[in-house]
4 protein chains.
Amino acid sequence: MRADARDNRLRILTAAEEVFGASPAASTEDVAKLAGVGIATVFRHFPTKVELLEAVYTLRLERLRDRAAELAVAADPGEAFFEFFGQVVAEAGSKLAIAEALTAAGSVAGEDARRAGAGLRQAFGELLDRAQQSGAVRVDAALPEVYALLIGASRGATATALEPEVRNRMLALVYDGLRPGRSS
Amino acid sequence: MRADARDNRLRILTAAEEVFGASPAASTEDVAKLAGVGIATVFRHFPTKVELLEAVYTLRLERLRDRAAELAVAADPGEAFFEFFGQVVAEAGSKLAIAEALTAAGSVAGEDARRAGAGLRQAFGELLDRAQQSGAVRVDAALPEVYALLIGASRGATATALEPEVRNRMLALVYDGLRPGRSS
Amino acid sequence: MRADARDNRLRILTAAEEVFGASPAASTEDVAKLAGVGIATVFRHFPTKVELLEAVYTLRLERLRDRAAELAVAADPGEAFFEFFGQVVAEAGSKLAIAEALTAAGSVAGEDARRAGAGLRQAFGELLDRAQQSGAVRVDAALPEVYALLIGASRGATATALEPEVRNRMLALVYDGLRPGRSS
Amino acid sequence: MRADARDNRLRILTAAEEVFGASPAASTEDVAKLAGVGIATVFRHFPTKVELLEAVYTLRLERLRDRAAELAVAADPGEAFFEFFGQVVAEAGSKLAIAEALTAAGSVAGEDARRAGAGLRQAFGELLDRAQQSGAVRVDAALPEVYALLIGASRGATATALEPEVRNRMLALVYDGLRPGRSS
DNA sequence: CATGAATGAGGTTTCATTCAT
DNA sequence: AATGAATGAAACCTCATTCAT
């Protein structure tokens, strides 16, 4: 791929992230305008609007996975787990808008997005494992439900446009449910 | 309002609930078709698509509020609270789609929807109060964060198309976080 | 169907006949403009460009079939046959352009067009039968090849933008081949 | 012109012949892809799509003219004439598609194509002359109408996707009309 | 009051053609 | 000279909304 093409691809992705993050109903032309390229250039790089949305979504998931991978080697596994959890919830806003745009476009998820989702889930699973082995998280909580809780907390925080204090108190409740020493 | 007009209004609302619940990108004409009326009739009752969406959304919220009000006089306040919580999460699917349709249409929330939302929140607050007074829920959890948790759990369950078992395990984690006896 | 809708449908068909007859590459918007309606009205009547083209084509075929049916009761079967043949060839120009537009659009032929084509072929077959029984046309010429000859003569006349005299001399050659008294 | 440039020109022409022969609505990029060159190379050799189409068309006409020239020295002029006629009709399919692509593009014919057309017409005229002098074709048939008949038979055969048997029977009718011994 | 046709403003996508490498 | 990316004009089609019946 040529250098200028790579450049443009990145600019388009960045623009799309911002535009769709702000409003799931945005048009492809808005993306082109913000990226400073012609509309046809967007379609050369992403032959379909759905593919563009998926690319943005995949990028988001991959970034989160990388962040999880970094934290997987932290000194304190418990702290790493909860920090990651909190970060995801805090940054969920625009990622969610993109997910909504995808479902609104009628696509459940492309191959790339599915793979990236699986990657994130696995990386998060490592964080959970280590936190459980270190005694920071109860051992009877399995990945599926904890992951669902992560998603839920993210969406809850976004949907209600939570103030930071309330969000933190909500997270405290979630964390308490995850800590060991419970009967359930 | 004439009797047939009232009839039509109800049929349109019912149809809209089903159509938008299935796909947030549905068109107003689809609603008219399912309701068995002409499209102009839909616009006579709801001068704008956003108003129709809000009416459906409001209806949903009011139904939940009524359900909460019923449970507010139940014998066991703790059981009532957790039952309501679980029901909301279980039925979240289509309501969520309507909320997405609203945000996709660029509308944050109309007056009616806001009022209905406040009503639901208040009714849920009563359930929470009584559960706290009965000792079933920790007293240091305030309505804002518990409500956010309710919304989040609903959305999380929907977004990931959770199987019932996983959903129940996730709810168990959430409930544990809400029970008294924690230091946080 | 409402009166105004029927009116518009007819006006659209008429406009399409003229526009596509003049240039197979014409756009749907040109048709709308000539018909004096909005573009969406065209698409309401003919949900697809191909369907519009087929409707025009079908109309043409039906008109020819009707003309053949009229001539099928003429006093002189031979004269009727050759007159019809000549008329088809003379008027072939714009009909052909429509057929080209259809193939350019990637459609071979819709159900209606196929039926109309079969109708025309059958009506022409009657003319041929009667001409053969009256001794004006050789009896060893079957419908398939005579029909192919009709199409061919039409296309030949159109493709080369023949002057009337040349066209008549060409037809004379064709007619001679069709008359009885040959060995082939 | 450099050797590789000449190579490319030929490969582009060959590819264009195949691509446009298959579908008149094909894009220039398809031609480049099949030719194995970049799209800009196509435009370097043929500055316009119409010019490319004309070049292909011209090539076809020239090949036919060469074939006619070969047959012009055959032993039996009558056989030569009818053989050429039949060959042209049999192979008309893809050439016709190219002619359609040209008219769809709004171009009647460029200088080269016109010259090539005239060349073919003249070569065919020689075949006709010799066939007439040898008594195989009636002498009162002039080139214009016979040529129109050739074109028409070609197009008719193609347009209706004729089976070989029917095509031959149609040709027999045409040939009978061309043979001497008729009064017309 | 209900209907369905008409509207025009966009949205996505394609293509011939031009530039930068 | 060859490449492939970029372009903008236009094509087809959809939809919320307004009129005429």
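**Warm-up**

How far is a phosphate oxygen of DNA strand F from an N or O atom in the side chain of K49(C)? The two atoms are 2.6 Å apart, which fits a polar contact (a pair of N or O atoms within 3.5 Å; within protein, one must be able to donate a hydrogen and the other to accept it, and residues adjacent in sequence count only if both atoms are side-chain atoms).

Some ground rules before going on. This is a predicted model, where local features need pLDDT of at least 70 and side-chain atom pairs count only at pLDDT 80 or more, while totals for chains, interfaces and linings use all residues. Residues are numbered from 1 along each chain as its sequence is written, chains are lettered from A and ligands numbered from 1 in the order in which they are written, and side-chain values use heavy atoms, with hydrogens and water left out.

**Exercise 1. Work out what surrounds DNA strand F.**

Step 1: Start with the neighbours. There are 32 residues around strand F, and N8(A), T41(A), K49(B), A40(D) and T41(D) come nearest. Being near takes a heavy atom within 4 Å.

Step 2: Look at the DNA side. Of the strand F atoms that come within 4 Å of the protein, 64% are sugar and phosphate.

Step 3: Add more phosphate partners. The side chain of H45(A) puts an N or O atom 2.9 Å from a phosphate oxygen, and a polar side-chain atom of R44(D) sits 3.0 Å from one.

Step 4: Find the top contributor. That's α3(D), with 5 residues; helices here are DSSP runs (H or I, at least four residues), with strands being E runs of at least two, numbered from the N terminus.

Step 5: Sort by class. You get 11 nonpolar, 14 polar and 7 charged residues, where Ala, Val, Leu, Ile, Met, Phe, Trp, Tyr, Cys and Pro are nonpolar, Asp, Glu, Lys and Arg are charged, and the others, Gly among them, are polar.

**Exercise 2. Do the same for DNA strand E.**

Step 1: Again 32 residues surround the strand, and the closest are A40(B), T41(B), N8(C), T41(C) and K49(D).

Step 2: Sugar or phosphate makes up 63% of the strand E atoms within 4 Å of the protein, and bases the rest.

Step 3: Check the phosphate oxygens. One is 2.6 Å from an N or O atom in the side chain of K49(A), and one is 2.5 Å from such an atom of K49(D). With G38(C), a polar backbone atom does the job, at 2.8 Å.

Step 4: The class count is 12 nonpolar, 13 polar and 7 charged.

**Exercise 3. Say whether R138(A) is buried or exposed, and what its side chain meets.**

Step 1: Locate R138(A) in the loop between α7 (111–133) and α8 (143–159) of chain A.

Step 2: Apply the cut-offs: buried is under 20% relative accessible area, exposed over 50%, partly exposed in between (1.4 Å probe, protein chains only). R138(A) has 4% relative accessibility, so it counts as buried.

Step 3: A polar atom of the R138(A) side chain lies 2.7 Å from the backbone oxygen of G177(A).

**Exercise 4. Find which chain pairs don't touch.**

Step 1: Contact means heavy atoms within 4.5 Å.

Step 2: Chains A and C have no contact, with their closest C-alpha atoms 21 Å apart. Chains B and D have none either, and there the closest C-alpha atoms are 33 Å apart.
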